[in-house]
Structure formats: structure tokens, C-alpha cells
Amino acid sequence: MATAFEIKKELCDIGRRIYQNGFVAANDGNFSVKINDNEFYCTPTGVSKGFMTPDMILKVDGKGNMLEPNAKYKPSSEFKMHLRVYQERPDVNAVVHAHPPIATAHAVCGMALDTYIMPEAIISLGTVPLTKYGTPSTMEIPDAISEAFQNHDAVLLQNHGALSVGVSLINAYFKMETLEYFAKVSYYAKQLGGGQELTCEQIEKLLEVRKQMGVPGRHPGCSRCAHRGTPECHCLTPDQKATCQCHSEASGSKAASEDLVNEITKKVIDALK
């Protein structure tokens with residue numbers, strides 16, 4: 001098990017990564033590590049996460065009260081949303097909150113990342129939902145994210161930023177990286193006319209790969225299409241969809257022809273009477 005100093009140092013290292021990658025500006029962002037059900041290490045408020053030192057990292061309890069004296073620094077007021085995740089997800093040992101620009105742009109525009117275009121994103125995250133807006137530092141955000149984290153390891157916070165969780169701090173951070181890269185590719189794909197989404201069959205194969213790899217965390221799976229195998233299926237390839245539509249149109253045309261023949265036959269018989 002890592003020592004207190006090692007955990008604090010890792011929080012500082014992740015802070016530098018997040019700051020250098022432009023996932024936060026100035027003093028934005030906050031992250032934490034779970035020690036046990038009532039002990040956590042978290043980042044301080046009012047400090048740039050790119051310039052933290054181990055002495056700035058705070059130890060708090062399950063209510064956000066400080067367990068170690070520190071006259072200079074206080075826990076982030078947004079630690080409330082971390083606690084909500086820890087309370088509802090026993091498998092989570094770390095939480096990362098940041099404002100990666102492309103992902104945050106989606107959140108500001110009210111756009112969830114709900115396309116299936118990248119195998120890596122599908123395996124590690126699945127779709128990323130957009131939670132409703134909540135005032136920072138209040139209980140509105142913990143309440144808003146509660147349901148989403150039952151089946152997701154990353155969410156977009158409407159008009160705010162993003163939140164990712166993991167079995168370790170580096171795991172939670174990598175999910176934030178994947179989220180931002182997913183958002184960036186989605187944005188570029190839209191500029192080029194829209195990405196080519198994978199089919200349900202392809203997604204199921206990727207989820208099997210995830211299972212074989214033993215990827216930790218929760219995953220929403222593929223719940224997009226309720227019409228698989230029908231012309232209304234959104235997951236068909238263009239050739240498959242064209243074939244289905246052709247069959248559908250041919251079937252409709254045949255039925256219409258039969259109706260017309262029956263109608264003409266009836267009229268001819270009535271005229272001969």
C-alpha cells in the first residue's frame with residue numbers, strides 16, 4: 001500500500017499533467033483519492049493544480065472535515081460531488097474533476113458524447129452522458145450526477161466541465177484523457193460531415209474485448225438501437241440498410257399491386273352481372 005507521502009506526490013503529479021494538458025486554467029479543477037470509507041486525500045481550493053506540492057494536499061473525512069491540521073489550505077467546496085461518488089460506487093478509489101476544453105464545449109452546448117465512433121473510447125468509456133446543470137459548490141451537482149454514475153465512469157457536467165472516476169488516480173486521469181480525445185475526434189468528425197458509427201455487432205465485439213481485458217469500472221453497453229435486424233435499425237451499414245429498405249419497398253409495392261388487381265377484378269365482375 002502506498003504511503004501518505006506517495007499518495008500526495010501522485011496527486012501533485014496528476015495536477016501537473018492536467019494543467020500542462022490544458023484541462024484546467026488558473027486554480028480550476030479538483031481530484032481526490034480514497035484511503036478507506038472515512039479517509040480521503042484531496043486537492044486544496046484556491047491553488048493552481050499545476051504548482052501543488054505535497055504539503056498542500058489535505059486529508060479529510062467522509063463529511064469533508066480536515067483530519068490533519070493545515071493553517072494555509074482548505075478543501076475544495078466541490079469535494080461534495082467526490083463524496084457522492086464514493087458513497088454510491090464502492091469500486092471507485094479516485095475522482096478527477098477538470099474542464100478539458102473540447103469536452104467542456106460539448107457540455108456548454110448541451111451535447112452528450114453519445115456516438116459509437118472510436119473503438120478505444122467504446123472499450124474504456126462507452127457513451128458519456130450529460131448531467132443537468134448544478135450550481136458549483138452546492139449539493140445540486142452531487143444530486144445531478146448520482147444516477148449517471150450508476151453505469152458510467154465519466155460524465156459531462158452541463159455548462160461546467162467533466163468528471164471521471166477510477167480504481168486508482170492514474171486510472172481516473174486516463175479516463176479524463178480518453179474523454180477529451182473522444183470529444184476532440186467527435187468535434188473534427190462533425191466538421192467533416194459526421195463520423196461513420198460502428199454497428200451493434202461491431203460494438204458487441206469490442207465489449208467482449210473489454211471483458212477479456214478485464215477493464216475495471218462500469219460501462220453503459222450498447223443500448224442505442226431497439227430495432228436491430230429491421231429496416232429501422234440505426235446500426236446497419238449503408239449496404240445493409242439499402243437492402244432492408246429495398247426489401248421493404250418491394251414488399252410494399254407487391255402488396256399495392258395485389259390490391260389494385262383485386263379492385264379491378266371486382267369491378268369487371270360487377271360490370272358483367
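Which residues touch the most other members of the largest nonpolar core? I looked this up before anything else, and found that among the 55 residues of that core the answer is Ile18, Ile145 and Leu179. I took a nonpolar core to be a set of buried Ala, Val, Leu, Ile, Met, Phe, Trp, Tyr and Cys residues joined through side-chain atoms within 4.5 Å, with buried meaning under 20% relative accessible area, exposed over 50% and partly exposed in between (1.4 Å probe, protein chains only).

Notes on the model. I am working with a predicted model, in which local features need pLDDT of at least 70 and side-chain atom pairs count only at pLDDT 80 or more, while totals for chains, interfaces and linings use all residues. Residues are numbered from 1 along each chain as its sequence is written, and side-chain values use heavy atoms, with hydrogens and water left out.

Core, continued. Helix α6 (residues 169-191) gives the largest share of the 55-residue core, namely seven residues; helices here are DSSP runs of H or I with at least four residues, strands are runs of E with at least two, and both are numbered from the N terminus. Apart from this core I noted another of six residues, including Ile122, Ile123, Ile203 and Leu206. For Ile18 I listed the contacts (heavy atoms within 4.5 Å), and, leaving aside neighbours within four places in sequence, these are Phe23, Val24, Phe31, Val96, Ala98 and Tyr173.

Whole chain. I recorded eight helices and seven strands, and 42% of the 273 residues count as buried. Of the contacts with a separation of 6 or more, 64% are between residues 24 or more positions apart.

Aromatic pairs. I counted rings of Phe, Tyr and Trp (its six-membered ring) as paired if their centres lie within 6.5 Å, with planes under 30 degrees apart called stacked, over 60 edge-to-face and the rest tilted; the count comes to five aromatic pairs. Phe40 and Phe79 are an edge-to-face pair, at 5.9 Å centre to centre and 70 degrees between the planes. Because Phe40 lies in strand β2 (residues 39-42) and Phe79 in helix α2 (residues 79-88), this pair ties together parts that are 39 residues apart in sequence. Both of these residues, Phe40 and Phe79, are buried. The rings of Tyr173 and Phe174 have centres 5.9 Å apart and planes at 45 degrees, so I entered that pair as tilted. Tyr173 is buried at a relative accessible area of 1%, whereas Phe174 is partly exposed at 41%. I also noted that ring pairs link Phe40, Phe79 and Tyr86 into a cluster.

Asp153. I found this residue in the loop between α5 (140-145) and β6 (154-157), and its relative accessibility of 2% is why I list Asp153 as buried. I then looked for polar contacts, meaning pairs of N or O atoms within 3.5 Å, where within protein one must be able to donate a hydrogen and the other to accept it, and where residues adjacent in sequence count only if both atoms are side-chain atoms. The side chain of Asp153 makes such a contact with the side chain of Arg89 at 2.8 Å, and another with the side chain of Lys175 at 2.6 Å.

Helix α3. In α3 (residues 101-108) I marked Ala103, Thr104, His106 and Ala107 as buried.
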